[in-house]
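Q: I am new to this structure and would like a close look at a single part of it. Please take me through the strands and how they pair, then step outward to what surrounds them.

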Amino acid sequence: MTKYGYVSGWLKDEVSKQDSFKYQAKILLSMGIPYDHCFADVFRQNNKERYQLFKFLTTVAQEGDVLVVPTLTCLYSNIRELCCLMYIVEDTGIIIQSSDMDLSSDSDSSDWIIASQLAHLDYVHYLRQKRASKAIKKAKYKSSLNVGGRNKRVITPLYRQAYNYLQEHTYNEAQHKFNLSKSTLYRIKRQINDKKQPTNIHQSYDA
């Protein structure tokens, strides 16, 4: 019986902002697994393939060997991978040890383990979707704000007064009166004028 170790994860998760790979690697090394007996897969962009895990299971693992992981979720990312893992454990006769629970070909609690891991997988997927949705909404909201934090598309009463004042005065006079920059005055005038322009006007090019 030989002990091996395995970890997988993102160097930096864009959604959760956590470095799951380094955190799990530290846990694994603290378990006393020799460095040359450790396998690791680092996820990059959309690639979440576990090449090193597949290499271990197909070329290294022998019946009775023990694979130590920080958590069972290191070994799969979806339901299909979890089911395949259970078949491999049964076929090879290896033992998987983790801090949360153990898997082996003769485990009496295999059904309960599968059910609990499927529930965990579904909950993790829900959390990731929720974080992603929140990040998208936050980025969309920030993109609509200017430096001062106000929505650029909103014409405030002050902006309306400045626009009316510009009809009979210069930009310099409006700038000093309302304490607004010329670029802001230009934008206000352009924005209001654009709204006044009729849309979908049929143009004839016969002439």
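A: Here is a walk along the strands, followed by a look at their surroundings.

Start with the overall plan. This is a predicted model. The protein has seven helices and four strands. Read from the N terminus, its elements follow the order β-α-β-α-β-α-β-α-α-α-α. Of the 207 residues in the protein, 31% are buried.

Now take strand S1, residues 3–10. S1 is mostly covered, with seven of its eight residues buried. It has two pairing partners to follow. One is strand S2, residues 38–43: six bridges join S1 to S2, and the two run parallel. The other is strand S3, residues 66–69, which pairs with S1 in the parallel sense over three bridges.

Look at the S1–S2 pairing residue by residue. Ser 8 has Asp 41 in S2 as its bridge partner. Gly 9 has Val 42 in S2 as its bridge partner. These two partners sit on opposite faces of S2. Asp 41 belongs to the covered face, along with Phe 39 and Phe 43. Val 42 belongs to the uncovered face, along with Cys 38 and Ala 40.

Now the S1–S3 pairing. Tyr 4 has Leu 67 in S3 as its bridge partner. Gly 5 stands opposite Val 68 in S3. Here, too, the partners point in opposite directions. Val 66 and Val 68 point one way from S3, while Leu 67 and Val 69 point the other way. All four of these residues are buried. Contrast that with S2, which has an uncovered face as well as a covered one.

Continue from S3 to strand S4, residues 95–98. S3 and S4 pair in the parallel sense over four bridges. Val 68 stands opposite Gln 97 in S4. Val 68 also stands opposite Gly 5 on the S1 side. That makes Val 68 a handy landmark when you trace the strands on screen.

Go back to Ser 8 for a moment. Ser 8 is placed in strand S1. It counts as buried because its relative accessible area is 4%, under the 20% cut-off. Its side chain reaches the backbone oxygen of Cys 74 at 2.5 Å. Cys 74 is buried too, with a relative accessible area of 2%. Cys 38, on the uncovered face of S2, is partly exposed because its relative accessibility is 23%. The disulfide count for the protein is zero.

Next, the lead-in to S4. Ile 94 is found in the loop between helix H3 and strand S4. Ile 94 counts as buried because its relative accessibility is 0%. Ile 94 and Thr 2 are 92 residues apart in sequence. In space, their C-alpha atoms are 10.0 Å apart.

Helix H3, residues 79–92, also leads to a pocket. This is the second largest pocket, with a volume of about 310 Å³. Helix H2, residues 51–60, and H3 each supply at least two residues of its lining. The largest share, five residues, comes from H3. By class, the lining has eight nonpolar, no polar and four charged residues. Among the lining residues are Glu 49, Arg 50, Tyr 51, Leu 53, Phe 54 and Leu 57. Leu 75, Arg 80, Glu 81, Cys 84, Leu 85 and Ile 88 line the pocket as well.

Finish with two loop residues further along the chain. His 169 lies in the loop between helix H5, residues 157–166, and helix H6. His 169 counts as partly exposed because its relative accessibility is 31%. A polar atom of the His 169 side chain lies 3.0 Å from the backbone oxygen of Tyr 165.

Asn 179 comes next, in the loop between helix H6, residues 171–178, and helix H7, residues 182–196. Asn 179 counts as exposed because its relative accessibility is 69%. Its phi is near 55°, a positive value in a residue other than glycine. Most residues other than glycine have a negative phi.

To retrace the route, begin at S2 and cross its six bridges to S1. Take the three bridges from S1 to S3. Then take the four bridges from S3 to S4. Each of these steps is between parallel strands.

Key. Residues numbered from 1 in each chain as written. Predicted model: local features only at pLDDT ≥ 70, side-chain atom pairs only at ≥ 80, totals over all residues. Heavy atoms only, no water. Buried < 20%, exposed > 50% of the residue type's maximum accessible area, 1.4 Å probe, protein only. 1 Å grid on protein atoms, 1.4 Å probe; cavity = no way out; pocket = protein on both sides within 12 Å on 5 of 7 lines; lining within 4 Å. Points joined across faces, edges and corners; volume = space filled by probe spheres on them. Nonpolar A, V, L, I, M, F, W, Y, C, P; charged D, E, K, R; others polar. Polar contact = N/O pair within 3.5 Å; in protein donor to acceptor, adjacent residues only side chain to side chain. Disulfide = S-S within 2.5 Å. Pairing = 2+ DSSP bridges.
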